[in-house]
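Work through these exercises with the structure in view. Try each task before you read its solution.

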Amino acid sequence: MRTAHATVHPLTPRTAPAEAPQRARPAPVGSLTYTVKEVAEMLSLNLGGTYRMIRSGDIPARKLGGRWVISRRAFHDWLDSCIETTPAEAEANRRASIGELTDAEKDLIWAYRNDPKRHGA
């Protein structure tokens, strides 16, 4: 007759979640990039047109692996550079940025920016 030789190892019981040691979690980071779909929605363009603009270099983007990503900072810098302003608007924007506008000038700018005719209404 054979005898079995076995070693019995005692197991420690699991700790309850409240008693478990807390692990340090990395700080949450917002996304630093946009997807092509997000950019298309922001620009009110269809997806195909957005891809065309990306491939042509109009919209700053980079291909990582098999997908295009658009840096948030580069996209907003590009978008800001696309806005055409008259010299008077540029001067008003410069003065507004350093707080030189009078209340009357602020009202005039507000009225101009909110004019329905200007927005095709």
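**Exercise 1. Take stock of the whole protein.**
Task: State what share of the 121 residues is buried, then list the order of the elements.

Solution.
- Step 1. The model is a predicted one. Of its 121 residues, 12% are buried.
- Step 2. Count the elements: the protein has five helices and three strands.
- Step 3. Read from the N terminus. The order is β-α-α-β-β-α-α-α.
- Step 4. Turn to the surface. The protein exposes about 10800 Å², and carbon and sulfur atoms supply 56% of that area.
- Step 5. Take the contacts with a separation of 6 or more. Residues 24 or more positions apart account for 35% of them.

**Exercise 2. Find the two sides of H2.**
Task: Work out which residues of helix H2 are buried and where they lie around the axis.

Solution.
- Step 1. Helix H2 covers residues 47–56, and its buried residues are Gly49, Thr50 and Ile54.
- Step 2. These residues cover an arc of only 140° around the axis, so they lie on the same side of H2.
- Step 3. Look at the other side of H2. Arg52 and Arg55 are exposed there.
- Step 4. Ask what the buried residues pack against. Their partners are helix H1 (36–43) and strand E3 (67–71).

**Exercise 3. Describe how H1 and H2 pack.**
Task: Give the angle between H1 and H2, and name residues that meet.

Solution.
- Step 1. Two packed helices are described by the angle between their axes and by the distance between the axes.
- Step 2. For H1 and H2, the angle is about 105° and the axes are 9 Å apart.
- Step 3. Angles of 65 to 115 degrees count as roughly perpendicular. H1 is therefore roughly perpendicular to H2.
- Step 4. Name the residues. From H1 come Val36, Lys37, Val39 and Ala40; they meet Leu47, Thr50, Tyr51 and Ile54 of H2.

**Exercise 4. Inspect the two ends of H2.**
Task: Find the contact of Asn46 at the start of H2, and the phi of Gly57 just after H2.

Solution.
- Step 1. Go to the start of H2. A side-chain oxygen of Asn46 comes to within 3.3 Å of the backbone nitrogen of Gly48.
- Step 2. Go just past H2. Gly57 has a positive phi of about 95°.

**Exercise 5. Place Thr35.**
Task: Is Thr35 buried, partly exposed or exposed?

Solution.
- Step 1. Locate Thr35: it sits in the loop between strand E1 (33–34) and H1.
- Step 2. The relative accessible area of Thr35 is 28%. Residues are buried under 20% and exposed over 50%. Thr35 is therefore partly exposed.
- Step 3. Compare Thr35 with Arg72. They are 37 residues apart in sequence, and their C-alpha atoms are 9.7 Å apart in space.

Terms used: Residues numbered from 1 in each chain as written. Predicted model: local features only at pLDDT ≥ 70, side-chain atom pairs only at ≥ 80, totals over all residues. Heavy atoms only, no water. Buried < 20%, exposed > 50% of the residue type's maximum accessible area, 1.4 Å probe, protein only. Helix = DSSP H or I, 4+ residues; strand = E, 2+ residues; numbered from the N terminus. Arc of directions from axis to C-beta. Contact = heavy atoms within 4.5 Å. Polar contact = N/O pair within 3.5 Å; in protein donor to acceptor, adjacent residues only side chain to side chain. Areas by Shrake-Rupley, 256 points an atom, 1.4 Å probe, with all protein chains shown as cover. Axes fitted to C-alpha atoms, helices over the stretch in contact; angles between N-to-C directions. Parallel < 35°, antiparallel > 145°, perpendicular 65-115°, else oblique.
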